[in-house]
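Take a look at the chain below. Some short questions and answers follow it.

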Amino acid sequence: MNPTCSVKDRAAKAMIDDAEAKRMIVPGKTVLLGNIRKHPLAVYAKIKGYKLVILMSSIASVERRALIVALGAELIIIDPTVKGKAMLERARLVSESFSGSIRFYFRQVEIYGVEPFESSVLSGLPAGLHSIQGIGAGFVPNILDTAQLTGIIRSTILYSGIKETADAMPFQSLEESIQTAQKLVPNH
């Protein structure tokens, strides 16, 4: 399910499949344009027959650039100071350079920070002990621009059993979720 071993594989697949289902894009005719640096979209675009053009900052590593090109995407290197509205304008200009029909979509995006209730440092509260692995390190990383967050979710999720664990895995089928939950919550 994750051919590039990234959790972003499913998101890339879902974005392309959804756009195809809505007849917004057509393989072989539509050029996909992104300002992302991740490889899952490149892999899935290649599998589905789309040309993918990625705008990438000049500060991206040579290895990251080589990977995107090796996966079949066209790479356009841009100034690292081009961000936000300037990035959208640059993307529009690039889209105009392609012959044929290119569809270019922007959606309003909401971004939420998720943190453990017991260690809500994004909310300005003190760090504390919690049982949610992988989040809530007790500090706000200096690379996080909290002004870009739509909101903050203070999570109280505690996996007490198989059903609760399975319910928290929305990208898997019910059977896959139960199997994964059984591995995560033994003796239930």
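The turns below go from the whole chain to single residues.

Q: What kind of model is this, and where does residue numbering start?
A: This is a predicted model, in which local features need pLDDT of at least 70 and side-chain atom pairs count only at pLDDT 80 or more, while totals for chains, interfaces and linings use all residues. Side-chain values use heavy atoms, without hydrogens and water, and residues along each chain, as its sequence is written, are numbered from 1.

Q: How many helices and strands does the chain have?
A: Helices (H or I, at least four residues) and strands (E, at least two) are DSSP runs, numbered from the N terminus. From that end, the elements run α-β-α-β-α-β-α-β-β-α-α. The count is 6 helices and 5 strands.

Q: What percentage of the residues of the chain count as buried?
A: Buried means under 20% relative accessible area, exposed over 50%, and partly exposed in between (1.4 Å probe, protein chains only). The chain has 188 residues. The buried share is 29%.

Q: How much accessible surface does the chain have?
A: Accessible areas come from the Shrake-Rupley method with a 1.4 Å probe; for residues, only the protein chains shown count as cover. Carbon and sulfur atoms hold 57% of the surface of the chain. The surface comes to about 12,700 Å².

Q: Which elements do the buried residues of H2 pack against?
A: Helix H2 covers residues 39-48. Its buried residues are Pro40, Leu41, Ala42, Val43, Tyr44 and Ala45. Contact means heavy atoms within 4.5 Å. The partners are helix H1 (8-21), strand S1 (31-34) and S2.

Q: Which residue just after H2 takes a positive phi?
A: The phi in question is about 90°. The residue is Gly49.

Q: Which residue other than glycine has a positive phi near 60°?
A: Most residues other than glycine have a negative phi, and most peptide bonds are trans. This residue lies in the loop between H1 and S1. At 70% relative accessibility, the residue counts as exposed. It is Arg23.

Q: How many salt bridges are there?
A: A salt bridge is a side-chain nitrogen of Lys or Arg within 4 Å of a carboxyl oxygen of Asp or Glu. One of them joins Lys22 and Asp18, with the closest N and O atoms 3.1 Å apart. Asp18 is partly exposed, because its relative accessibility is 29%. The count is 5 salt bridges.

Q: How many residues apart are Asp17 and Lys48?
A: Their side chains meet in a salt bridge (3.9 Å, N to O). Asp17 is in helix H1 and Lys48 in helix H2, so the pair links distant parts of the chain. Both are partly exposed, because Asp17 has a relative accessible area of 23% and Lys48 has 26%. The separation is 31 residues.

Q: Which residues join Asp17 and Lys48 in a network of salt bridges?
A: The side chains of Lys48 and Glu20 also meet in a salt bridge (2.9 Å, N to O). Lys48 lies in H2 and Glu20 in H1, so this pair ties together parts 28 residues apart in sequence. Glu20 is buried, because its relative accessibility is 19%. The network also takes in Lys13 and Glu20.

Q: Is Ile78 buried or exposed?
A: Ile78 is found in strand S3 (residues 74-78). Not counting residues up to four places away in sequence, Ile78 touches Leu55, Met56, Ser57, Ser58, Met87 and Arg90. Its relative accessibility is 4%, so Ile78 counts as buried.

Q: Which residues is Ser57 in contact with, leaving aside its neighbours within four places in sequence?
A: Ser57 is found in strand S2 (residues 51-57). Ser57 is buried, because its relative accessible area is 15%. The contacts are Arg65, Ile77, Ile78 and Pro80.

Q: Which residues form a nonpolar patch on the surface?
A: Patches are made of residues with over 30% relative accessible area and no salt bridge: like charges are joined within 9 Å, nonpolar side chains (Val, Leu, Ile, Met, Phe, Trp, Tyr) within 5 Å. Together the members of this patch have about 330 Å² of accessible area. One member, in strand S4 (residues 112-116), is partly exposed at 41% relative accessibility. The members are Tyr112, Val114, Ile135 and Ile153.
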